[in-house]
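Please examine the sequence and the three-dimensional structure displayed below. The explanation after it leads from the overall fold to individual residues.

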Amino acid sequence: MANYLRLTITNQLKKYIMNNNTLDKYKKAIRNKYEIEKEGEYFDYLYSPSRGKLRDFCWLIFENGVTQDDLNVFRNLFSIDFDHTKKKKFKEQKDKFRPIETFLKGETDPTNIDAINLAAIMVDFQQRPFKNFNKMCRMEDAKQMGKSYQAQAVVEVEKKIRKIVSFVENEKSAEYSRKGSLFSNFTTLFSKKGDQKRYPEKRIRFSSG
């Protein structure tokens, strides 16, 4: 039981660290996209962002049509659904853009995932929201791990092949050695028989008287 709990806690800790690292990557990617977008078409809203500018820009984006994921982010952050007819009520949400303003300016490191996701919408970061980015990173990590395992498997197979080849070559070498020794024995044997034929032993005769 203790080992099970220890393993569970370890796995949860690893997951927490991995998610934190992925969130850092997500925020960094959004900031990099902001540095590009602030010089582009929406320069007036993004170059020197303020809460008021970001609020007005956010309404413009959602008014022109967004994805369901983006609408979910809007609902989560502002606790209301986006409605074209409620622009006046939305103007009251100005303070909700404060963490987005300071994040884009590089002044703060927000932890509110909904604010970060809205920042991603405003700079048109395509791999949004965070759940999609996290999924993409996991798939990429799994792919890299698969390649690593595959490469390792190839190395192991190559090692086994080399061992087999080495074993076969050693066996062949031993076989040639045995054959050479046998041939040498036969040659010696036949050589002795030949000598016996050529030089037969002399028979000594004894005569009496």
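The paragraphs that follow take up the chain as a whole, then selected helices and loops, and finally a pocket.

The model is predicted. Its chain averages a pLDDT of 80, and 65% of the residues score at least 70. Over residues 13-17 the pLDDT is below 50, and in the model this stretch has one contact beyond near neighbours in sequence.

The secondary structure comprises eight helices and zero strands, so that, by the DSSP assignment used here, the pattern read along the sequence is α-α-α-α-α-α-α-α. The chain has 209 residues, of which 25% are buried. Among contacts between residues at least 6 apart in sequence, 60% join residues at least 24 apart.

Helix H3, residues 51-63, offers a starting point for the interior. Phe62 belongs to helix H3. Its relative accessible area is 3%, and Phe62 therefore counts as buried, the cut-off for that class being under 20%. Which residues surround Phe62, once its neighbours within four places in sequence are left aside? Its contacts are Asp70, Leu71, Phe74, Phe82, His84, Leu118 and Ile121. One of these partners, Phe74, lies 12 residues away from Phe62 along the chain, and the C-alpha atoms of the two residues are separated by 9.0 Å. Two further partners, Leu118 and Ile121, are among the buried residues of helix H7.

Helix H7 spans residues 113-122 and is mostly covered, with nine of its 10 residues buried. The buried residues are Asp114, Ala115, Ile116, Asn117, Leu118, Ala119, Ala120, Ile121 and Met122. At the start of H7, a side-chain oxygen of Asn112 comes to within 3.0 Å of the backbone nitrogen of Asp114. Beyond the other end, H7 is followed by Asp124, which has a positive phi near 55°.

A second buried site is found in helix H6, residues 98-104, which contains Glu101. Is the residue Glu101 buried or exposed? Glu101 is buried, because its relative accessible area is 7%, below the 20% cut-off. Two polar partners of its side chain can be named. The side chain of Glu101 makes a polar contact of 2.9 Å with the side chain of Lys105, and a polar atom of the Glu101 side chain lies 3.4 Å from the backbone nitrogen of Arg51. When neighbours within four places in sequence are set aside, Glu101 is in contact with Pro49, Ser50, Arg51 and Leu54. Of these residues, Arg51 and Leu54 fall within the 51-63 range of helix H3.

The loops hold several backbone features that merit inspection. Most residues other than glycine have a negative phi, and most peptide bonds are trans. Ser79, in the loop between helix H4 (68-78) and helix H5 (87-90), has a positive phi of about 60° although it is not a glycine. Ser79 is exposed, since its relative accessible area is 62% and the exposed class begins over 50%. Asp124 also has a positive phi, near 55°, and is likewise a residue other than glycine; it is found in the loop between H7 and H8. At 36% relative accessibility, Asp124 counts as partly exposed. The loop between H7 and helix H8 (130-198) also contains Pro129. A cis peptide bond joins Arg128 and Pro129, with omega about -10°.

Asp124 leads to the last feature, the largest pocket. About 240 Å³ of space lies in this pocket. Its lining consists of 14 residues, and those nearest its centre are Tyr42, Phe57, Ile61, Ile121 and Asp124. By class, the lining has eight nonpolar, two polar and four charged residues. Which helices each supply at least two residues of the lining? They are helix H3 and helix H7; H3 gives the most, with three residues.

The pocket thus returns to elements already described. Ile121 lies among the residues nearest the pocket centre, is buried in H7, and is in contact with Phe62. Asp124, also among the residues nearest the pocket centre, is the residue with positive phi that follows H7.

Conventions: Residues are numbered from 1 along each chain as its sequence is written. Side-chain values use heavy atoms; hydrogens and water are left out. On a 1 Å grid over the protein atoms alone, a cavity is a set of points where a 1.4 Å probe fits but cannot get out, and a pocket is an open set with protein on both sides within 12 Å along at least five of seven lines; lining residues have an atom within 4 Å of a point. Grid points are joined across faces, edges and corners, and a volume is the space filled by probe spheres set on the points. Helices (H or I, at least four residues) and strands (E, at least two) are DSSP runs, numbered from the N terminus. Ala, Val, Leu, Ile, Met, Phe, Trp, Tyr, Cys and Pro count as nonpolar, Asp, Glu, Lys and Arg as charged, and the others, Gly among them, as polar. pLDDT is the predictor's confidence in each residue, from 0 to 100. Contact means heavy atoms within 4.5 Å. Buried means under 20% relative accessible area, exposed over 50%, partly exposed in between (1.4 Å probe, protein chains only). A polar contact is a pair of N or O atoms within 3.5 Å; within protein, one must be able to donate a hydrogen and the other to accept it, and residues adjacent in sequence count only if both atoms are side-chain atoms.
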